[in-house]
Amino acid sequence: MKKIMNAGFALTLTAVLAACGNNAATNNAATNNAAAPEATQAGAPTELVISTWGFSEDFFKESVYAPFEKEHNVKIVVEIGNNAERLNKIRQGSSDVDVVYLSDYYAQQAINEGLFETIDRSKIPNIEKIYDIAKAPLGEEYGPAYTVGRLGIAYNPALVKGEVKSWSDMWTQFDKNLALPAITATAGPMMVDAASVVAGGSEFNEDQAFAKLKELDSNVVKYYGQTSEYVNMFGQEEIAGGPIMEMYFKDLQAAVPDAKFVAPSEGAYAVMNTVNVVKGSDNKELAEAFINWQLSKEVQEKSAKAKVDSPVNTEVVLTDEEAVGVTYGADVISKLRKLDMSFVNQHITEWTDRFNREIGG
C-alpha cells in the first residue's frame, strides 16, 4: 500500500552569505527586489489582488504590504476568507486574485484543478534561502511554503492521568476530555495518519487507522472545526487538551498558565501555508516579486518576532524568548512528519464518508 508519508526528510540549511557595510545592504536589496518588473516603477500604481486569511491584518498591512507597495508602486487589494471560501471563489472565477495564500491541503486541490500558474523560480531567488521542506511542498512548478508550523498536543497537566509524550498517549492519558480536529479540517487527515502510526507498522493502513479512531471516540468531547472552539473549551476546562497548532499555544497558556505543548515522540506534523500565483493573473511577474518579498529575511524575521508566522528563511535568528511558540530551527523542522497531499486529496472523500459512517463525529 502506498505510504502516506514522504520519505527522506533531511534538511540542509542554506549557508548565510557573509557581507558587511554597504555591500551587505546592496546585496540584500538586490535579492529582495530581484523579481520587480520595471513596469511597476513609474506611473499609476498597479493593483495586485491578494487572497488571504483574516488574521493579523494590521501586521500584514504595515509590515508586509505597505513596504512592497512603496517599493514597487503597487496598490494591494486584499480578499479575506477561510481556505474553502477563497478557493471556491477562484474556482468560480468570481474574483480577480493574483496571489493566493492557502494551506497545502487546499493548494493541492487547486493544482489538481489547474487553478495556479507555474512559477519562474529564477524570479524568486529567496526560495534558495528557505528550508528544503518549504521550497517545493507541492512540486517545483508551484509556490513555496512561506511558513511551516507544527501540529502537536497541548494539554492541561491537572486534567490528564500523566505526562503526555506521544500520539499514543491520547488513547491512555485522557478521560472523556479530549478534543480532536474534525475530519474535514486541515489537520483531520493528520489524525488518520497518527492513528495508523499508533496502530503499528511503517506503512499507512487505513483499516487499522479507523479502528484506532473508533476506539478513541468515547474520549472525544468535541471534533473541532475552528481553533477558537478548542481555545474556549480549554480555558473553561471542558477539555484537557488534544492536537493543536503550536502557534495557538500562547492563547491556551494565557488561560491556563501551566499548560504544556509537546511534539509527540513519533513526530509532530508539518502544517504548511503556501503562496501561489493564480491562473490567468495579468500580474504574474509582480506576483512573483511579492512572493520573493514574503520569503525575505526582513519579512520573515518581523513575522516570527510578532508571533504571526513561523519563519522558513534560514537566515532568521531568534533568541530563546523570541522562539517561544514559534516553529523554529533546523533541528525542529527536520523532525516534522509531512503528509503526501496528493495522496490525501485522492482519499479524503472516502475517509470523510467512512468517518461519518463508523464514528459519526
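**Exercise 1. Isoleucine 76 in strand 2**

Task: In this predicted model, determine in which strand isoleucine 76 is found, whether isoleucine 76 is buried or exposed, and with which residues isoleucine 76 is in contact.

Solution.
1. Isoleucine 76 is found in strand 2, a strand that spans residues 74–80.
2. The relative accessible area of isoleucine 76 is 12%. Because buried means under 20%, isoleucine 76 is buried.
3. With neighbours within four places in sequence left aside, the contacts of isoleucine 76 are Leu48, Ile50, Tyr65, Phe68, Glu69 and Phe290.
4. A further pair concerns lysine 61: this residue and isoleucine 76 are 15 residues apart in sequence, and their C-alpha atoms are 9.2 Å apart in space.
5. Ahead of strand 2, asparagine 73 is found in the loop between helix 2 (57–72) and strand 2. Asparagine 73 is not a glycine, yet has a positive phi of about 55 degrees.

**Exercise 2. Lysine 302 and lysine 307**

Task: State where lysine 302 has its place and which residues lysine 302 is in contact with; then state where lysine 307 lies.

Solution.
1. Lysine 302 has its place in helix 11, which covers residues 297–305.
2. Since partly exposed covers the range between 20% and 50%, lysine 302, with a relative accessible area of 35%, is partly exposed.
3. Apart from neighbours within four places in sequence, lysine 302 is in contact with Phe59 and Ser63.
4. Lysine 302 and serine 63 are 239 residues apart in sequence, but 7.5 Å apart in space from C-alpha to C-alpha.
5. Lysine 307 lies in the loop between helix 11 and helix 12 (320–323). Lysine 307 is partly exposed, at a relative accessible area of 27%, and has a positive phi of about 60 degrees although it is not a glycine.

**Exercise 3. The packing of helix 7 and helix 14**

Task: Give the angle at which the axes of helix 7 and helix 14 cross, and say which residues of the two helices meet.

Solution.
1. Two packed helices are described by the distance between their axes and the angle between them.
2. Helix 7 (residues 206–216) and helix 14 (residues 341–358) have axes that come within 11 Å and cross at roughly 35 degrees.
3. The crossing of helix 7 past helix 14 is right-handed.
4. From helix 7, Glu206, Asp207, Phe210 and Lys214 meet Glu350, Trp351, Arg354, Phe355 and Glu358 of helix 14.
5. The residues of this contact divide into six charged, three nonpolar and no polar.
6. Helix 14 also holds phenylalanine 343, which counts as buried at 5% relative accessibility. Phenylalanine 343 and glutamine 108 are 235 residues apart in sequence and 9.9 Å apart in space, C-alpha to C-alpha.

**Exercise 4. The nonpolar cores**

Task: Identify the residues that touch the most other members of the largest nonpolar core, and list what methionine 170 is in contact with.

Solution.
1. In soluble globular proteins, nonpolar side chains tend to be buried together.
2. The largest nonpolar core has 57 residues, of which Leu151, Trp167, Met170 and Phe174 touch the most other members.
3. Beyond its neighbours within four places in sequence, methionine 170 is in contact with Ile153, Leu178, Leu180, Met191, Leu216, Asn219 and Pro243.
4. Another core, of 39 residues, lies apart from the largest one; Phe68, Val74, Tyr101 and Leu295 are among its members.

**Exercise 5. Helix 8 and its cover**

Task: Name the buried residues of helix 8 and the elements that cover them.

Solution.
1. In helix 8 (residues 227–235), the buried residues are Tyr230, Val231, Met233 and Phe234.
2. Their cover includes strand 4 (145–155), strand 5 (178–181), strand 6 (220–224), strand 7 (241–245) and helix 9 (249–255).
3. Glutamate 237, just after helix 8, takes a positive phi of about 60 degrees.

**Exercise 6. Serine 103 and the whole chain**

Task: Determine which residues serine 103 touches, and what percentage of the 361 residues of the chain counts as buried.

Solution.
1. Serine 103 has its place in strand 3 (residues 99–103) and counts as buried at 2% relative accessibility.
2. Residues up to four places away in sequence not counted, serine 103 touches Trp53, Asn83, Thr186, Met272, Asn273 and Thr274.
3. For the chain, 54% of the 361 residues count as buried.
4. The chain contains 14 helices and nine strands.
5. Of the contacts between residues at least 6 apart in sequence, 73% join residues at least 24 apart.
6. The accessible surface of the chain is about 15600 Å², with 47% belonging to carbon and sulfur atoms.

Note on methods: Residues are numbered from 1 along each chain as its sequence is written. This is a predicted model: local features need pLDDT of at least 70, side-chain atom pairs count only at pLDDT 80 or more; totals for chains, interfaces and linings use all residues. Side-chain values use heavy atoms; hydrogens and water are left out. Helices (H or I, at least four residues) and strands (E, at least two) are DSSP runs, numbered from the N terminus. Buried means under 20% relative accessible area, exposed over 50%, partly exposed in between (1.4 Å probe, protein chains only). Contact means heavy atoms within 4.5 Å. Accessible areas come from the Shrake-Rupley method with a 1.4 Å probe; for residues, only the protein chains shown count as cover. Axes are lines fitted to C-alpha atoms, for helices over the stretch in contact, and angles run from 0 to 180 degrees between N-to-C directions. A crossing is left-handed if the near helix is turned anticlockwise from the far one by less than a right angle, and right-handed if clockwise. Ala, Val, Leu, Ile, Met, Phe, Trp, Tyr, Cys and Pro count as nonpolar, Asp, Glu, Lys and Arg as charged, and the others, Gly among them, as polar. A nonpolar core is a set of buried Ala, Val, Leu, Ile, Met, Phe, Trp, Tyr and Cys residues joined through side-chain atoms within 4.5 Å.
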